[in-house]
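Reader: I have a chain on my screen and would love a close look at one part of it, the second largest pocket. Could you take me there step by step, and then show me what surrounds it?

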Amino acid sequence: RAKARRAAARPRQPKSARPITLPLLEILLATCDNSLRGLRDRAILSLGFASGGRRRSEITGLRIEDIGREDFAAKGVLWLRLWETKTTAKGAAPKLVLKGRPARALMGWLLAVGADAGPLFRPISKSGRALPRRLAPDAIRTILTHRLALAGLPADHASPHGLRSGFLTQAALDGAPIQAAMRLSLHRSVAQAQRYYDDVEITENPAADLMG
């Protein structure tokens with residue numbers, strides 16, 4: 001109960017007003033080198049965006065056992081099992097697909113860690129070793145802030161929620177059907193997901209160009 005009171009008293013972090021769409025994501029990924037930290041951060045950003053815009057707790061809650069590698073060699077595909085999300089019951093979340101560069105980024109991290117079980121994303125020690133415990137959800141914000149700084153951008157340029165809003169915004173920009181995007185984002189409400197599509201569609205409205 002005391003813990004709940006402390007959490008309630010803590011100021012809420014605002015959700016990102018700036019979606020992390022592909023141009024910004026590419027800038028952030030370009031700051032990730034092939035060090036263990038760089039491999040981890042590249043995998044986190046890639047998975048967080050490409051698997052449907054995952055929440056911080058969903059990213060850090062993943063375990064190595066939740067990653068299906070059976071189709072990677074032949075198809076370059078990895079499968080993710082989210083055991084619980086904000087919009088699905090425990091054990092009811094569907095498997096999600098990761099392919100292309102995001103799948104290769106995650107596989108690069110898995111090979112570097114070299115573990116068969118345990119937390120998927122882990123803290124990196126000062127000596128450059130992956131520790132056996134899982135990252136805390138707040139670490140995603142720290143990682144994003146670090147990558148923004150390396151890219152020469154201010155810390156408030158984007159927040160972790162920008163991965164989620166950015167996925168849907170990019171889907172709208174690319175003309176993906178909203179139902180297809182929702183199958184990955186796991187939004188229950190079409191109206192909620194539609195907001196991101198509406199923001200894109202209004203910029204394409206010819207009436208917005210009446211003055212040239």
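Author: Happy to. Read from the start of the sequence, the chain runs α-α-α-α-β-α-β-β-α-α-α-α-α, that is, 10 helices and three strands. Please keep in mind that this is a predicted model. Of its 212 residues, 44% count as buried.

Now to the pocket you asked about. The second largest pocket holds about 380 Å³ of space, and 15 residues line it. Nearest its centre are Ser46, Ala50, Lys99, Arg101 and Pro102. Four elements each give two or more residues to this lining: α2 (22–29), α3 (36–50), β3 (95–99) and α6 (101–113). What is the chemical character of the lining residues? They divide into 10 nonpolar, one polar and four charged.

Let us begin with Arg101, one of the residues that lie nearest the centre of the pocket. The side chain of Arg101 meets that of Glu26 in a salt bridge, with 2.4 Å from N to O. Arg101 belongs to helix α6 and Glu26 to helix α2, so the contact ties together parts of the chain that are 75 residues apart in sequence. Are these two partners buried, exposed or partly exposed? Arg101 has a relative accessible area of 47%, which makes it partly exposed. Glu26 is partly exposed as well, at 32% relative accessibility.

Helix α3, which also contributes to the pocket lining, has a salt bridge to look at too. Asp41 pairs with Arg147, and their closest N and O atoms are 2.9 Å apart. Here Asp41 sits in helix α3 and Arg147 in helix α7 (residues 138–150), 106 residues apart, so to speak a link between distant parts of the chain. Asp41 and Arg147 are both buried, whereas Arg101 is partly exposed. The Asp41 and Arg147 pair is also part of a network of salt bridges that takes in Arg40. The structure holds seven salt bridges. Another of them joins Arg55 and Glu58, at 2.8 Å from N to O, and both of these residues are buried.

Next, follow β3, which brings Lys99 to the pocket. Lys99 is among the residues nearest the pocket centre, and it lies on the uncovered face of β3 together with Lys95 and Val97. The covered face of β3 carries Leu96 and Leu98. This fits a general pattern: in a regular strand, side chains alternate between the two faces of the sheet.

Which sheet does β3 belong to? It is part of an open sheet of three strands in the order β1-β2-β3, with antiparallel pairing. Because β1 (67–68) and β3 stand at the edges with a single partner strand each, one side of each has no neighbour in the sheet. The pairing of β2 with β3 runs over five bridges in the antiparallel sense, and within it Val77 stands opposite Lys99. On the other side of the sheet order, β1 and strand β2 (residues 77–81) pair over two bridges, again antiparallel. There, Ile67 has Leu80 of β2 as its bridge partner.

To finish, here is a stop farther along the sequence, at helix α9 (residues 178–185). Which of its residues are buried? They are Ile178, Ala181, Met182 and Ser185. These residues cover an arc of only 100° around the axis, which puts them on the same side of α9. The general reason is simple: an α-helix has 3.6 residues a turn, so residues three or four places apart point the same way. The face of α9 turned away from this buried side carries the exposed residues Gln179 and Arg183.

Just after α9 comes Leu186, in the loop between α9 and α10 (190–203). Its phi is near 65°, a positive value in a residue other than glycine. In general, most residues other than glycine have a negative phi. Leu186 also counts as buried, at 9% relative accessibility.

Technical notes:
Residues numbered from 1 in each chain as written. Predicted model: local features only at pLDDT ≥ 70, side-chain atom pairs only at ≥ 80, totals over all residues. Heavy atoms only, no water. 1 Å grid on protein atoms, 1.4 Å probe; cavity = no way out; pocket = protein on both sides within 12 Å on 5 of 7 lines; lining within 4 Å. Points joined across faces, edges and corners; volume = space filled by probe spheres on them. Nonpolar A, V, L, I, M, F, W, Y, C, P; charged D, E, K, R; others polar. Salt bridge = Lys/Arg side-chain N within 4 Å of Asp/Glu carboxyl O. Buried < 20%, exposed > 50% of the residue type's maximum accessible area, 1.4 Å probe, protein only. Arc of directions from axis to C-beta. Pairing = 2+ DSSP bridges.
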